[in-house]
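Me: Please examine the following structure with me. I shall ask about its fold, its core and its largest pocket.
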Amino acid sequence: MLYRYFGSPEVSEEALSFSDADQVSEWASAGVRWAVSNGVISGKGNNVLDPQGSATRAEVAQMLYNYSKIG
């Protein structure tokens, strides 16, 4: 959602380095790569992104805060 709000900018095709990066849905791949490269998301620790999981209220608040810091 934030990726599209930001204008869906071009993102590199560089693969994500998370151990569960293969679980990112293809339709979300560009948005997730953009969010990681811009510091909006950084994973849940232990090299895990958990792309199929649910975000807690605190995690969403952190993402919105991180987004507010982008250029």
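Me: How many helices and strands are there in the protein chain?
Reply: This is a predicted model, in which local features need pLDDT of at least 70, side-chain atom pairs count only at pLDDT 80 or more, and totals for chains, interfaces and linings use all residues. Residues are numbered from 1 along each chain as its sequence is written, and side-chain values use heavy atoms, without hydrogens and water. Helices (H or I, at least four residues) and strands (E, at least two) are DSSP runs, numbered from the N terminus. Along the sequence the pattern is α-α-α, and the count is three helices and zero strands.

Me: Which helix gives the largest share of the largest nonpolar core?
Reply: Such a core is a set of buried (under 20% relative accessible area, 1.4 Å probe, protein chains only) Ala, Val, Leu, Ile, Met, Phe, Trp, Tyr and Cys residues joined through side-chain atoms within 4.5 Å. Of its 14 residues, Val32, Trp34, Val40, Ile41 and Leu49 touch the most other members. The largest share, three residues, comes from helix H2 (residues 29-37).

Me: Which residues does Trp34 touch, not counting residues up to four places away in sequence?
Reply: Contact means heavy atoms within 4.5 Å. By this criterion, the partners of Trp34 outside four places in sequence are Leu2, Tyr3, Phe6, Pro9, Val11, Val40, Tyr67 and Ile70.

Me: What is the radius of gyration of the protein chain?
Reply: The radius is taken over C-alpha atoms, and the globule rule is 2.2 Å times the number of residues to the power 0.38. For 71 residues, a compact globule would be near 11 Å, which agrees with the chain's 12 Å.

Conventions
Buried means under 20% relative accessible area, exposed over 50%, partly exposed in between (1.4 Å probe, protein chains only).
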